[in-house]
Amino acid sequence: MHPLDHAFMAQALQLARQGLYSTHPNPRVGCVVVAQGEVVGEGWHVRAGEPHAEVHALRQAGERARGATAYVTLEPCSHYGRTPPCAEALVQARVGRVVTAMQDPNPLVAGRGLQRLREAGIEVTCGVLEGEALALNAGFVKRMKTGLPYVRVKLAMSLDGRTAMASGESQWITGPAARAEVQRLRAGSSVVLTGADTLLADAARLTVRGEELGLDAEQTALALARPPLRVLIDGRLRVPLDAPFFQAGPALVATRLDPPDTYRAAGLDVLTQPGGPGQVDLQALLGELARRGANEVLVEAGPRLAGAFARLGLVDEYRIFMAPKLLGSIARPLLEMPLERMSEARELSIIDVRSFGMDLCITACPL
């Protein structure tokens, strides 16, 4: 490993993060081409179907790519998809060395890109800042390895762990800065998922509101150009078609009932699980979303549905926004998880704590 490998890979990762809101269903990838210690080319993958990060960086480097080192946050692809293989582009550019943060978990690649580079006589180093690269593409990695998306549950609560008053009133527990962060979480997700209880109580739309993102003009445009799929779990079809959620654009409804013709006429995508009335099979739904290319699912739901995801062990990460308020003992709990003994407690690892205005955001993952 060369002394500056970490620094140049960190630069490539920063480029990759520019694709946070736009690359779905592809991974976020950045590339830096370095010749004699100088960056001569940079690139990042903007959206699916367009050139990958390596192609952008090589075009910028031109002839200076010959003998240079390319730093790429993910193993260069080796197969023909919507674009030609990047491993071949690096070979044709005659780079001298390729440094990658991680191997591609996609079975179509899975080491073949690195093998192609080595066969061409290119020096290869893999694993530089691997942890950061894995975190950036946690959803893509999980979908490739397990056939399920990465599930992030967003919750907002008071200091005493309550999410709404007993009447269901919940707007607004947190302040504007925290709500802007939630907008960014939505924009970076493949799917935003909710339940009938939330829509009936809050008249929520679950759209991405560009004016609240707090991003620059380019990033806002990218986020709004690729909004997440909005998914409603409504096992008994209780939400009326004139609800704001349905008026806000395309959506998928997961249910246990055969929908009336009015649902199809309204242009809704309805996923019906056989078996009649009852609860939607959450794991089966996640599998279907993954087959549709969903990398990351953001669950914004009430305590019943959020608790169901938790009880079934389907949550990869919690984002808990905590406001400096007390809602009292009869207010609604964070999750419906009727545990009786301390031995049943679900342990979490706190990954991060940061402030948004007057509120805190705790990122925690199940152990």
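Trainee: How many Å² does the accessible surface of the protein come to?
Mentor: This is a predicted model in which local features need pLDDT of at least 70 and side-chain atom pairs count only at pLDDT 80 or more, while totals for chains, interfaces and linings use all residues. Residues are numbered from 1 along each chain as its sequence is written, and side-chain values use heavy atoms, without hydrogens and water. Carbon and sulfur atoms account for 52% of the accessible surface (Shrake-Rupley method, 1.4 Å probe; for residues, only the protein chains shown count as cover). The total is about 16,900 Å².

Trainee: What radius of gyration does the protein have?
Mentor: The secondary structure comprises 13 helices and 16 strands (DSSP runs of H or I with at least four residues, and of E with at least two, numbered from the N terminus). For 367 residues the globule rule (2.2 Å times the number of residues to the power 0.38) gives 21 Å. The protein comes close to that value, so it is as compact as a globular protein of that length. Its radius of gyration, taken over C-alpha atoms, is 23 Å.

Trainee: Which residue forms a salt bridge with E300?
Mentor: A salt bridge requires a side-chain nitrogen of Lys or Arg within 4 Å of a carboxyl oxygen of Asp or Glu, and here the closest N and O atoms are 3.7 Å apart. E300 lies in the loop between β12 and α13 and its partner in strand β6, so the pair ties together parts that are 146 residues apart in sequence. E300 and its partner are both buried (under 20% relative accessible area). The partner is K154.

Trainee: Is R64, which meets E38 in a salt bridge, buried or partly exposed?
Mentor: The N to O distance between the side chains of R64 and E38 is 3.0 Å. Because R64 lies in the loop between α2 and β3 and E38 in strand β2, the pair ties together parts that are 26 residues apart in sequence. E38 has 41% relative accessibility. R64 has 42%, and since the class in between runs from 20% to 50%, R64 is partly exposed.

Trainee: Which strand holds V353 of the nonpolar surface patch?
Mentor: I350, V353 and L360 make a patch of about 260 Å². Patch residues have over 30% relative accessible area and no salt bridge, like charges being joined within 9 Å and nonpolar side chains (Val, Leu, Ile, Met, Phe, Trp, Tyr) within 5 Å. V353 is partly exposed at 47%. Its strand, covering residues 348-356, is β15.

Key. Buried < 20%, exposed > 50% of the residue type's maximum accessible area, 1.4 Å probe, protein only.
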